[in-house]
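Me: Please take a close look at one part of this model: the side-chain contacts. I want the charged pairs and the aromatic contact, with the burial of each partner.

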Amino acid sequence: MNALHRGLRILRAINDGHAQVREISAATRLPKSTVARMLETLVADGYVAQDDRKGYHVTSRALTLSRGYNAKEVLLKAARPVLENLRQHQIWPSDLAVFDQDAMVVLDTGRDPGTLSLNRTVGSRLPVLVTALGRAILGFANPELVEHTLARLARSSEPFDAPAKNAAAARRLLAQVRRQGYATGDREYQRTTRTLAVPILVNAVPVASLNIMVVPSAMSMEQLVKSLLPALGAAAKSIGAALSQTARGRGAS
């Protein structure tokens, strides 16, 4: 209980504008060593991020701690009109998913019967490192969360988590995702699909990812990126903008 109290005090201090360890220590009257340990945990869990000046700020994930706030419902409310528009103009199926500890969880999936034979429903948990959805999230996540996730997946016995055992290769892959702004998956998880995914960002923090899938015989990966990235990227930006507006509205209320 004491650890929980200290963690919440630190979150409140950061939210009040205290960014440096010494400032947080003074505001909370906690030793700097305690503050540093708590910050490591909060960063690893995604509630706090560190900036280039070695200061700290609360991430959008902390909104999920608000009373009566359901992050998934807010995300879906913002996303559904955009997803409906995307799917009206694209014949290929798409998924909306969020990161959860060691997997991606599908929140919304849209596909016409018979388009692609995939056993994927709302609530399905998908591996992180071999899916475009997961790569899109981790590629834009803060370094502490990436390292925490890679370490966790490296201890897993699941075959699809095995890439985490080569942490250097995984970091290179995620760095490439960040540079190019999107992630791909070429039949690594499901042999019947090529996949393109982009992160949904709120204040530069990835809160979800959005993909679109095609059959390999329909187009190459290069064709997939060229043909569908503009529409997919625009959809992700629209959802992120709607979420940002909702967050500002809650902050003003």
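**Side-chain contacts**

Reply: Start with Asp186. Its relative accessibility is 30%, so Asp186 counts as partly exposed. Keep in mind that the model is predicted. The side chain of Asp186 meets that of Arg187 in a salt bridge, at 3.2 Å from N to O. Arg187 has a relative accessibility of 29% and also counts as partly exposed, because the partly exposed class runs between 20% and 50%.

Next comes Glu188. Glu188 forms a salt bridge with Arg135, and the closest N and O atoms are 2.6 Å apart. Glu188 sits in the loop between strand 6 (183-186) and strand 7 (194-202), while Arg135 belongs to helix 5 (residues 132-140), so this contact ties together parts that are 53 residues apart in sequence. The two partners fall into separate burial classes. Glu188 is partly exposed, with a relative accessible area of 37%. Arg135 is at 7% relative accessibility and counts as buried, because buried means under 20%.

Tyr189 brings in the aromatic contact. The structure holds one aromatic pair. Phe160 and Tyr189 form it edge-to-face, with 5.0 Å centre to centre and 75° between the planes. The angle is over 60 degrees, so the pair counts as edge-to-face. Tyr189 lies in the loop between strand 6 and strand 7, and Phe160 in the loop between helix 6 (143-154) and helix 7 (167-180), so the rings tie together parts 29 residues apart in sequence. Phe160 counts as partly exposed at 34% relative accessibility. Tyr189 is partly exposed too, at 25%.

Now back to the charged pairs. The structure holds nine salt bridges. One of them joins Asp108 to Arg80, with the closest N and O atoms 3.8 Å apart. This pair links distant parts of the chain: Asp108 is in strand 4 (residues 103-110), Arg80 is in helix 4 (residues 71-89), and 28 residues separate them. The 3.8 Å separation is within the 4 Å limit, so the contact counts as a salt bridge. Asp108 is at 11% relative accessibility and counts as buried. Arg80, at 41%, counts as partly exposed.

One group goes beyond a pair. Asp100, Asp102, Arg125 and Arg152 are linked in a network of salt bridges.

To sum up the burial picture: Arg135 is buried and its partner Glu188 is partly exposed. Asp108 is buried and its partner Arg80 is partly exposed. Asp186 is partly exposed, as is Arg187. In the aromatic pair, Phe160 is partly exposed, and so is Tyr189.

Terms used: Residues numbered from 1 in each chain as written. Predicted model: local features only at pLDDT ≥ 70, side-chain atom pairs only at ≥ 80, totals over all residues. Heavy atoms only, no water. Helix = DSSP H or I, 4+ residues; strand = E, 2+ residues; numbered from the N terminus. Buried < 20%, exposed > 50% of the residue type's maximum accessible area, 1.4 Å probe, protein only. Phe/Tyr/Trp six-rings, centres within 6.5 Å; stacked < 30°, edge-to-face > 60°.
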